[in-house]
Amino acid sequence: MTDKALRLGTRRSRLAMAQSGQVADAVSQVTGRPVELVEITTFGDVSRAHLSQIGGTGVFVTALRDALTRGEVDFAVHSLKDLPTAQPEDLVLAAVPVREDPRDVIVARDALKFTDLPRGARIGTGSSRRMAQLNAYARAHGLDIETVPIRGNVDTRIRYVHDGELDAVVLAAAGLSRIGRIDEVTDFLSIDTVLPAPGQGALAIECAADDADLIAALGALDDPFTRVAVTAERSLLAALEAGCSAPVGALADLLADGQIVNEMRLRGVVGTTDGTRMVSLSTTGPVPETHDRARALGRELAAEMLARGAAGLMGERAQ
């Protein structure tokens, strides 16, 4: 019985298959059981509409969760930034592995960096969060750019640059790293320029809440520092009542004194897509010792952001 293959539910995209394959190898090592990938098509994969139009929240996740609930797969791998902040009672996040680089990056023509792009440069992204922060940075530094909404997988987006339709596209460093294309990056965007999406660079491994043995096995892949950081980031997002397509950036970094991690800094930003109005705040304190404390940190920073007018900058707030 123990030799029976575990079924891992994954989206079909090249990136999803790559990161699920990496998790499958790790799970096979800790359980001693083979892991087979079960490819599932999500609504977000087949819809060509922009995420803000199709609701953003959960469009890449619902089909995977349905397969879990029906018992068609044993566990699923998600990009954490795609997960809605409300956790279904019948499912559990069994592991959040060590996070990849959370930064956003530019892939531009002629190997240009963001600040070297020509006047009127067209920069493609499907994210209102990236648009808001890029436009705000450009406005503050006298740059003249046009942010262009795009959809599509990594290959499609980079092709826009190679074909001359766009001067640059913005992508997540983690995704490019996982599919072996990080060398195509022409500029890594500083966290101070563009704050990533809550949970960006992290994966979520989810399974049924009543499968205690599998939860325990998958728990071996959990990284407590990543878990506490993304818990704070996602709590901020939830407290802002914003979905994962809203123009919200958040990042919790762990600050070390020598070899000892002793503090966590949580930063949050929300802004209008054109970058004309932004609310950006941060807080630093002891590393939360519990997930409840991490959630409280996120809620506290969100409350400060709302007091500064953040709610009016997000367009339609998620219900």
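In this predicted model, the side chains of Asp144 and Arg119 meet in a salt bridge, with N and O 3.8 Å apart. The pair links distant parts of the chain. Asp144 sits in the loop between α5 (128–140) and β7 (145–149), and Arg119 in the loop between β5 and β6. The two residues are 25 apart in sequence. Asp144 is partly exposed, at 33% relative accessibility. Arg119 is exposed, at 67%.

Side chains of opposite charge can pair when their charged atoms come close. A search of the whole structure finds 22 such salt bridges. One of them joins Arg109 to Asp167, where the closest N and O atoms are 2.6 Å apart. Arg109 belongs to the loop between β5 (104–108) and β6 (121–125), and Asp167 to the loop between α6 (154–162) and β8 (168–172), so this bridge ties together parts that are 58 residues apart in sequence. Arg109 is partly exposed, with a relative accessible area of 31%. Asp167 is buried, with a value of 14%.

Glu184 and Arg181 form another salt bridge, with an N to O distance of 2.6 Å. Glu184 is partly exposed, at 25% relative accessibility. Arg181 has a relative accessible area of 14%, so it counts as buried, the limit being under 20%. Through shared partners, salt bridges join Arg14, Asp155, Arg181 and Glu184 into one network.

Asp155 also takes part in the start of helix α6. Asn153 caps the N-terminal end of this helix: a side-chain oxygen of Asn153 lies 3.2 Å from the backbone nitrogen of Asp155. The buried residues of α6 are Val154, Arg157, Ile158 and Val161. They lie on the same side of α6, because they cover an arc of only 90 degrees around the axis. The cover over these buried residues includes β5, β8 and α7 (173–178). After α6 comes Gly164, whose phi is positive, near 85 degrees.

The loop between β5 and β6 holds further residues of note. Asp110 is located in this loop. Asp110 is not a glycine, yet its phi is positive, about 55 degrees. Ala111 is found in the loop between β5 and β6 as well. Ala111 is not a glycine either, and has a positive phi of about 60 degrees. Asp110 is exposed at 61% relative accessibility, and Ala111 is exposed at 59%. The strand that follows this loop is mostly covered: in β6, 4 of 5 residues are buried. Strands β6 and β7 run parallel and are joined by 5 bridges. Within this pairing, Ile123 stands opposite Thr147 in β7.

Strands β12 (residues 260–271) and β13 (residues 278–286) run antiparallel. They are joined by 9 bridges. Arg265 has Thr284 of β13 as its bridge partner. The hairpin of β12 and β13 has 6 residues between the strands. In this hairpin, Gly275 takes a positive phi near 75 degrees.

Both strands of the hairpin also feed the largest nonpolar core, which has 24 residues. The residues with the most contacts inside this core are Leu236, Leu240, Val248, Met264, Leu266, Val270 and Met305. At least two core residues come from each of α9 (224–239), β11 (248–257), β12, β13 and α10 (291–307). Another core lies apart from the largest one. This other core has 16 residues, including Leu6, Val35, Phe75 and Leu221.

Met17 lies in helix α1 (residues 14–31). Met17 is partly exposed, with a relative accessible area of 22%. Beyond its neighbours within four places in sequence, Met17 is in contact with Thr10, Arg11, Arg12, Leu37 and Glu39. Met17 and Val38 are 21 residues apart in sequence. Their C-alpha atoms are 9.8 Å apart in space.

Conventions:
Residues numbered from 1 in each chain as written. Predicted model: local features only at pLDDT ≥ 70, side-chain atom pairs only at ≥ 80, totals over all residues. Heavy atoms only, no water. Salt bridge = Lys/Arg side-chain N within 4 Å of Asp/Glu carboxyl O. Buried < 20%, exposed > 50% of the residue type's maximum accessible area, 1.4 Å probe, protein only. Pairing = 2+ DSSP bridges. Core = buried A, V, L, I, M, F, W, Y, C linked by side-chain atoms within 4.5 Å. Contact = heavy atoms within 4.5 Å. Arc of directions from axis to C-beta. Polar contact = N/O pair within 3.5 Å; in protein donor to acceptor, adjacent residues only side chain to side chain.
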